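Please look over the sequence and the structure below. The paragraphs that follow go through the chains, their sheets, the core and the interface.

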Amino acid sequence: MEVFIQQVVSGLATGGIYAALALALVMIYQATDVVNFAQGEMAMFATYICWSMLNAGVPYWGAFLGTLVLAFLGGIVVERVVIRPVENAPILSIVIVTLGLLVIFNSVAGWIWTYVQKPFPSPFPSKPLKAGNVFFSAHDIGEIVVTLLVLLCIWLFFKFTPLGLAMRAAAHNPVSSRLVGIRVGWMLALGWGLAAVFGAVAGMMIAPVLTLEPNLMGGVQIYAFAGATLGGFTSPGGAVLGGFIVGVVENLVGTYVSFIGTELKFTVALAMIIVVLLVKPTGLFGISVVKRV
Amino acid sequence: MTALLEVRDLEAYYGRTKALHGVSFSMTAGGITTILGANGAGKTTTLRAISRMVRTAGSIVFDGTSLEPRVTEDVVRLGIAHAPEGRGTFVHLTVEENLRLGAWGRRERGSLEEDFARVFAYFPVLASRRRQAAGTLSGGEQQMLAVARALMLRPRLLLLDEPSLGLAPMVVREIFRILRAVNQDAGVTILLVEQNAALALDLADHVFLLETGRVVMEGPSEVLRKDDAIRRAYLGY
């Protein structure tokens, strides 16, 4: 039983990372119909920026917040400079552009910081927490708390601020949004900025576990895709829940199904994507969108 | 009296297709003007041209300001509210959120409570549906919401695209009664596009008749109502 609880909590911790990245994917997908394949690499890049700041002697939470600000601006710049010009191009072209971004971010990170794995600090104590007979890693618990805080902030932002409302409107109905005076293009750019922030949080939280290298987010992004697909690409809340579920399932299957172990864990994510697409393509909480072509 | 809106030689294009062939008209402040015409005459396109949603040539001047170099979002900020064809409801959002968005492009900030009170006085049914998703409203209620959302801007000019489309006659009469009240209480100038000529002639004080992208007739509605050609073609008696 203790093992089970430990595995669930540790699954929730990584699940939170998947949830944050899944939310980033879904936000951009909802606003622009584009799946941003570079989301994970942008997150990795942000994590390197944090690492550089830490190396320069900036205290952890200062570097953390500084990275979020830079990630936000970086996301906006990527949208304005790279995505905007191909905005009206066929969907496949935009997908190719995001794949190009993936390669660029990956290589540039390798070029600047090399491919050598770097240890990344955790802001949480290394001493495990004890509850009854069960020990939890403090980093796992901290990770869950940070992710939930970020999710809470973003929910409050979208639900209760005029800007959040305008962003939701611009995503759902750009034509009507323009007719009430919303600058839709900037709302999309802000969306990219926010998505980059979630990615950065995910990167900085997972890096202490995986150690920092340019391929840090490759696997995480697959799990995030699984989470978003499971919850539904049309449902931000569903994607978050999907991310958590994927994290827990991944961990439990790795622990209890002996032939899978740690080596085959990855296949679990892909299997989940395929099963969801076969059984319920819209995901658990998604709605099917009918489009006139 | 100077014109609030002055349109000269307006041409509009969808891709290479020309939809308006030199439309000219002007509107004085405080009035209700209607554009009549058959399907495809260019009524909706005229409104879309004013809101800068379609490529145009010619001039559109609103209260001394040229609209052609502006984008839709900036036209809204001049006080031109557009309740578009198909109502443009934000179906995922609540009625209240729809209304809040209506005030987004408004010059004067300040509290929205006064505006909520004003539009709910015109449309009490929206007050009772305030927290409901707008997509769950009936067609008539959504049309009311479209007008109410436009009013949240405190517009100087209100563009209405076929507010009667697909609605029960009783609902349509109610909406038109409210439009008259809006025009009289707040002095909002209205440019109305309608297929229901009888209704539009009752409401409007001035009429333009559009045929295949050109203004073919214009005048006060009492005069045009009596015109034989209009009567036969648009009023059906």
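What percentage of the contacts in chain B with a separation of 6 or more comes from residues 24 or more positions apart? In this predicted model, such residues account for 67% of those contacts in chain B. The corresponding figure for chain A, again among contacts with a separation of 6 or more, is 72%.

Chain B is built from 10 helices and 10 strands. Its C-alpha atoms fill a box of roughly 45 × 45 × 35 Å along the principal axes. The radius of gyration of chain B is 17 Å, and a compact globule of 237 residues would have one near 18 Å, so the value agrees with that of a globule. Of the 237 residues in chain B, 47% are buried.

Two sheets of chain B can be followed strand by strand. One is an open sheet of four strands, ordered β2-β1-β4-β5 in chain B, with antiparallel pairing. Its edges are β2 (17-28) and β5 (65-66) of chain B, each of which pairs on one side only. Strand β1 (residues 3-14) of chain B runs antiparallel to β2(B), and nine bridges join the two. Within this pair, B:Glu6 is found opposite B:Ser26 of β2(B). Helix α1 (residues 43-50) of chain B packs on the sheet, where it touches β1, β2 and β4 (55-62) of chain B. The direction of α1(B) makes about 70 degrees with that of β2(B).

The other is an open sheet of six strands in chain B, in the order β6-β7-β8-β3-β9-β10, and its pairing is mixed. Here the edge strands are β6 (80-83) and β10 (214-220) of chain B, each pairing on one side only. On average, neighbouring strands of this sheet are turned by 15 degrees against each other, direction ignored.

At one edge of the six-stranded sheet, β6(B) pairs with strand β7 (residues 157-161) of chain B in the parallel sense, over four bridges. B:His82 has B:Leu159 of β7(B) as its bridge partner. Across β6 and β7 of chain B lies helix α6 (residues 139-151) of chain B, which runs at about 170 degrees to β6(B).

At the other edge, strand β9 (residues 206-211) of chain B and β10(B) run antiparallel and are joined by six bridges. B:Phe208 is bridged to B:Glu218 in β10(B). The hairpin of β9(B) and β10(B) has two residues between the strands, and B:Thr212 takes a positive phi near 35 degrees there. In a regular strand, side chains alternate between the two faces of the sheet.

One residue of chain B outside these strands can be placed as well. B:Arg180 lies in helix α7 (residues 169-186) of chain B. Is B:Arg180 buried, exposed or partly exposed? B:Arg180 has 13 other C-beta atoms within 10 Å and is therefore partly exposed, since exposed residues have 12 or fewer and buried ones 20 or more. From B:Arg180 to B:Ala117 the separation is 63 residues in sequence and 18 Å in space, C-alpha to C-alpha.

Chain A has 11 helices and two strands. From the N terminus on, its elements run α-α-α-α-β-β-α-α-α-α-α-α-α. Along the principal axes, the C-alpha trace of chain A spans about 60 × 50 × 35 Å. Its radius of gyration is 19 Å, which agrees with the value near 19 Å for a compact globule because chain A has 293 residues. Buried residues make up 45% of chain A.

The largest nonpolar core has 155 residues, and those with the most contacts inside it are A:Leu21, A:Ala22 and A:Phe198. Helix α8 (residues 184-210) of chain A gives the largest share of this core, with 17 residues. Leaving aside residues up to four places away in sequence, A:Leu21 touches several residues, among them A:Gln39, A:Ala43, A:Phe198, A:Ala202 and A:Val220.

How many residues of each chain are in contact with the other chain? The contact involves 15 residues of chain A and 17 residues of chain B. On the side of chain A that touches chain B, two or more residues each come from α6 (162-172) and α7 (174-179) of chain A. The most come from α6(A), which gives six residues. By class, this side of chain A has eight nonpolar, four polar and three charged residues.

Terms used:
Residues are numbered from 1 along each chain as its sequence is written. Chains are lettered from A and ligands numbered from 1 in the order in which they are written. This is a predicted model: local features need pLDDT of at least 70, side-chain atom pairs count only at pLDDT 80 or more; totals for chains, interfaces and linings use all residues. Two strands pair if DSSP finds at least two bridges between them. Axes are lines fitted to C-alpha atoms, for helices over the stretch in contact, and angles run from 0 to 180 degrees between N-to-C directions. Two residues are in contact if their C-beta atoms, placed from the backbone, lie within 7 Å. A nonpolar core is a set of buried Ala, Val, Leu, Ile, Met, Phe, Trp, Tyr and Cys residues joined through C-beta atoms within 7 Å. The radius of gyration is taken over C-alpha atoms; the globule rule is 2.2 Å times the number of residues to the power 0.38. Ala, Val, Leu, Ile, Met, Phe, Trp, Tyr, Cys and Pro count as nonpolar, Asp, Glu, Lys and Arg as charged, and the others, Gly among them, as polar.
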